[in-house]
Each structure stands twice: as structure tokens, then as C-alpha cells.
Amino acid sequence: MLLLLQASSCRNPSCTLPPELLALVLARLDPAERLGSMARVCSAWRTAAVIASNSISARGRVCWGRAGPEPSGFTQDKATALSGWLQAHAAAAALDSLEVTVSHTHSHRCPQRDFPTIQLPVQQLASLRSLDLERIKVDIQGAADTQAAPAVLPPELSGLTSLRLWRAELGLSTLPAFTNLQHLALELGNSSFDLSGLLLLTHLHLSHDCADDAVLASVSSLTCLQELHLGVGCYTDSGLAALPPCITKLVVGGDVTLAPNSTPAVAQLTALQWLEVNCAAGFSTAVLRSMSSLRHLDVQHTPLLAAAGDGDNGDIDLAVLNGLTQLQHLELPIEPLADEAAVGPEADVAALTASSQLTYLNIERLVAHQHYRKMFAEGRQLPKLKELHATMGVLGTADNAQALVRCCPNLERLEVSAG
């Protein structure tokens with residue numbers, strides 16, 4: 001900080017610190033300040049500001065007005081200014097990371113043409129390793145081949161290790177050339193693509209048009225894949241047949257039913273540590289039988305299937321949870337409109353608290369009031385549990401309240417509902 005104060009007092013262009021040293025100081029400033037007032041001090045400061053700017057992040061949002069969606073925060077004028085800066089300085093800055101995003105909570109209503117256009121000078125971006133574009137139109141400058149609209153992901157950027165294109169208007173036909181990718185997130189692609197050659201991928205997020213059975217079929221060869229996030233898309237139960245067994249985190253949603261008979265590949269993910277299911281057609285706890293390493297289980301807005309597998313006969317099988325002794329986070333809530341508890345009187349509700357590693361437990365409306373004494377029985381200890389979501393039945397009697405305190409001595413938050 002002392003160095004910054006001494007440097008900032010020097011307004012004489014002939015009296016400067018070495019740009020490389022000054023860049024270390026300027027890198028600690030906000031990019032807008034660094035590339036604005038600081039860069040105007042003198043030529044050496046301008047050079048240092050460029051050197052210090054190897055990471056650029058520009059964010060905006062969309063506001064809805066009478067004329068439709070109107071970007072704010074990152075307008076076309078700012079996009080044009082950023083394009084000019086990239087053309088002039090990206091190479092000198094050895095730009096490593098570029099993020100240009102326009103967020104919007106109601107993205108499905110926003111036509112792509114209403115968002116700013118940024119020009120990517122690919123010849124100046126040889127050092128780029130991370131690219132994140134959201135709701136941005138893209139023009140390509142300096143590509144090897146003349147590109148027709150819409151632009152195609154330029155092969156000149158194949159050194160990227162992290163790529164996120166979220167409603168960004170770029171064709172994906174060149175994606176197989178990006179063999180250095182480790183992190184990839186795609187939504188709404190306008191061309192088919194194959195992932196089988198991206199052997200270094202460890203994190204993959206697919207949604208909407210980019211999440212279909214054809215794309216998922218190419219995932220089976222990704223032996224380094226650790227995390228797979230599948231948002232709302234066009235994939236089916238069959239699309240989940242090609243999941244590599246190395247996956248440790250899986251997030252699934254959409255019109256699929258996770259059960260041993262419909263998605264056997266999911267049931268064979270023995271290395272899985274994190275499973276999140278949201279707005280799916282159904283979930284059977286039977287898929288958990290071989291997942292002894294599971295630490296996080298979250299099932300939201302998804303019907304829990306009975307042991308018979310058809311959702312109508314028998315109870316939900318909770319006994320399988322007895323084998324999940326490493327579980328730290330468990331969410332199996334039932335929708336507020338459910339009139340009755342999802343499990344019957346014979347269900348093994350004690351399995352819900354079988355893991356002494358639990359830190360978070362959400363079982364709202366899952367079990368009937370009389371079941372809580374089994375979950376927090378004498379001798380059961382949950383020393384790490386910090387947060388519990390349940391119904392009023394957990395405090396329904398003095399015995400229930402005492403059992404809860406005895407079992408969960410370090411509980412910090414208790415949220416109860418009347419259901």
C-alpha cells in the first residue's frame with residue numbers, strides 16, 4: 001500500500017517505476033479504476049495497467065421495459081469499447097481469462113438479437129485459457145477462415161482449458177478441436193457436436209439444446225470426468241446409459257426417472273459423492289444401494305417412488321440409507337401440497353439419521369409425527385448436525401424435544417412447518 005501511495009504521487013511522465021513492478025500494484029485495484037484514471041497518469045502507468053489486466057470480467061443485466069428487453073450495465077457501447085481494448089491490448093496483457101455476461105432471471109423470454117455484440121480478435125488471444133460468454137453475440141476477427149453468420153467457435157482458441165457458452169451465439173462444430181478443455185458448460189447450441197475426444201474434461205454442464213441423448217452418448221469415453229450437471233434438456237432415461245463410472249458429482253433434472261430398471265448406469269456410479277435431483281419425473285432410493293461414498297443427497301420437486309417402483313404400491317425404501325454412513329447433507333422433502341407423510345408406519349425411518357456425519361437434514365413432510373422418536377432414539381448421536389428442517393411433530397411432545405436435544409447437541413438452526 002505504501003508503494004501505491006508513493007507511485008500515485010508521481011504525476012511526472014519522466015519519473016516512473018518499472019512497468020512490471022507498477023503492474024503488481026495496479027493489479028490490486030478494481031479493473032475500472034486501473035484501466036480508467038490510473039491508466040491516464042502517464043504512458044508507463046498505461047503500460048503497467050495493461051500488463052496487470054490479464055483477467056477481464058464485464059457483467060450486465062437485462063431490464064424489461066415497454067419496448068422489450070433492454071441490456072443495462074453492459075450496453076453495446078461498452079461492448080464496442082471492450083472490443084477495441086481487446087484488439088489493442090489483449091496480446092500485450094497476455095490475457096488469460098475473459099468473462100462477458102449479461103444475466104437475466106427470465107432468460108427464456110429474451111431473444112438473442114437484443115444483446116450486445118462483442119468482437120473477439122483471435123490473433124491477440126493466443127494466451128487465453130478461460131472464456132465465459134453469456135447472452136452475448138459474437139463476431140470473430142482474424143480467424144483463419146472467413147466465417148459466415150452465426151460465427152463458429154474459432155479453432156485458434158483451442159488452447160482454452162475452461163469454456164462457458166450460455167446462450168452465446170457461437171456454432172459448436174469446431175468443439176472437437178478443443179482437446180485441452182477441462183471445464184465445459186454449454187446451453188443452446190446451434191449445431192451438433194461430439195465430446196468423445198475431450199479426454200481431459202473434469203467438469204461438464206449441459207442444458208437445453210445441448211443436453212440430448214446424442215451428446216450424452218459421447219460422454220462415456222470421458223474417463224477423467226468428475227462432475228456432470230444436466231439441466232433441463234431433451235435427454236431421456238436412455239441418455240443416462242453412457243455415464244462413465246468415474247463421476248463423483250451428478251446433477252440431474254428434467255423428464256427422467258432415476259431407478260435401477262430405467263437408469264441402471266446411475267445405480268452403478270459407485271464413486272459418486274454428490275447426487276442432486278431436481279424437477280425429475282421420479283426418484284427411487286434403490287439407485288443408492290451401491291453408493292457408499294455418497295456425502296450429499298438432495299432430491300427436490302421430484303416424486304419419491306415406492307419400493308415397488310411404480311409410485312403407487314408399498315412404502316418408500318429408506319433402509320438403503322443405512323449404508324450411506326458418510327452422508328453429510330440429506331434433503332428428501334415432500335411438496336407442501338402432499339396431504340400425508342410419504343412413508344408408512346413400517347418404514348425404516350431410523351435410516352434417515354444413520355450417518356453420524358450429518359450436518360444438514362431436511363425431511364419436511366416426509367415422515368409422520370410419531371416417527372421422530374425412532375429417528376432420534378436413545379443412543380443415536382448426530383454431533384455434527386447444524387441445521388434441521390422438519391414438521392412440528394419433532395417438538396410435538398416433551399419426550400420428542402428431549403430426544404432431539406440429546407441426539408443433536410450442536411444444532412444451530414431448527415426450522416419446522418405445520419405440515
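This tour goes from the whole chain to a few chosen residues, saying at each stop what to select and what is found there.

**Before you start**

The model is predicted, so local features are given only where pLDDT is at least 70 and side-chain atom pairs only at pLDDT 80 or more, while totals for chains, interfaces and linings use all residues. Residues are numbered from 1 along each chain as its sequence is written, and side-chain values use heavy atoms, with hydrogens and water left out.

**The whole chain**

Select the whole chain and show it as a cartoon: there are 9 helices and 17 strands, where helices (H or I, at least four residues) and strands (E, at least two) are DSSP runs numbered from the N terminus. Of the 419 residues, 47% are buried, a word that here means under 20% relative accessible area, with exposed meaning over 50% and partly exposed in between (1.4 Å probe, protein chains only). Contact means heavy atoms within 4.5 Å, and among the contacts in the chain with a separation of 6 or more, 54% join residues 24 or more positions apart.

**Colour by confidence**

Now colour by pLDDT, the predictor's confidence in each residue, from 0 to 100; the mean for the chain is 81, and 74% of the residues reach 70 or more. Among the elements, strand β14 (residues 329–331) has the highest mean, 97, and helix α1 (residues 2–8) the lowest, 42. Select residues 1–15, where pLDDT stays under 50 and the model has 15 contacts beyond four places in sequence.

**Helix α5**

Next select residues 76–93, which form helix α5, and look along the helix to Gln87, on which a kink of about 45° is centred; the bend at a residue is the angle between axes fitted to the seven residues ending there and the seven starting there. The buried residues of α5 include Trp85 and Leu86. Just after the helix comes Ala94, whose phi is positive, near 50°.

**Gln123 and Asp132**

Move on to Gln123, in the loop between β4 (117–121) and β5, and show Gln141, Gly142 and Glu156, which Gln123 touches when residues up to four places away in sequence are not counted. The C-alpha atom of Gln123 is 8.9 Å from that of Leu157, although the two residues are 34 apart along the chain.

Strand β5 itself covers residues 130–134 and holds Asp132, which counts as buried at 16% relative accessibility. Show the side chain of Arg164 too, with which the side chain of Asp132 makes a polar contact (3.0 Å). A polar contact is a pair of N or O atoms within 3.5 Å; within protein, one must be able to donate a hydrogen and the other to accept it, and residues adjacent in sequence count only if both atoms are side-chain atoms.

**Leu204**

Select strand β9 (residues 203–208) and find Leu204 within the strand. Leu204 is buried, with a relative accessible area of 3%, and beyond its neighbours within four places in sequence, its contacts include Leu184, Leu195, Val219 and His229.

**The cysteines**

Last, select the cysteines: with a disulfide taken as a pair of cysteine sulfur atoms within 2.5 Å, the count comes to 0 disulfides. Cys408 is in no disulfide, and the nearest cysteine sulfur, that of Cys407, is 4.1 Å away. Cys408 counts as buried at 4% relative accessibility, whereas Cys279 is partly exposed, at 47% relative accessible area.
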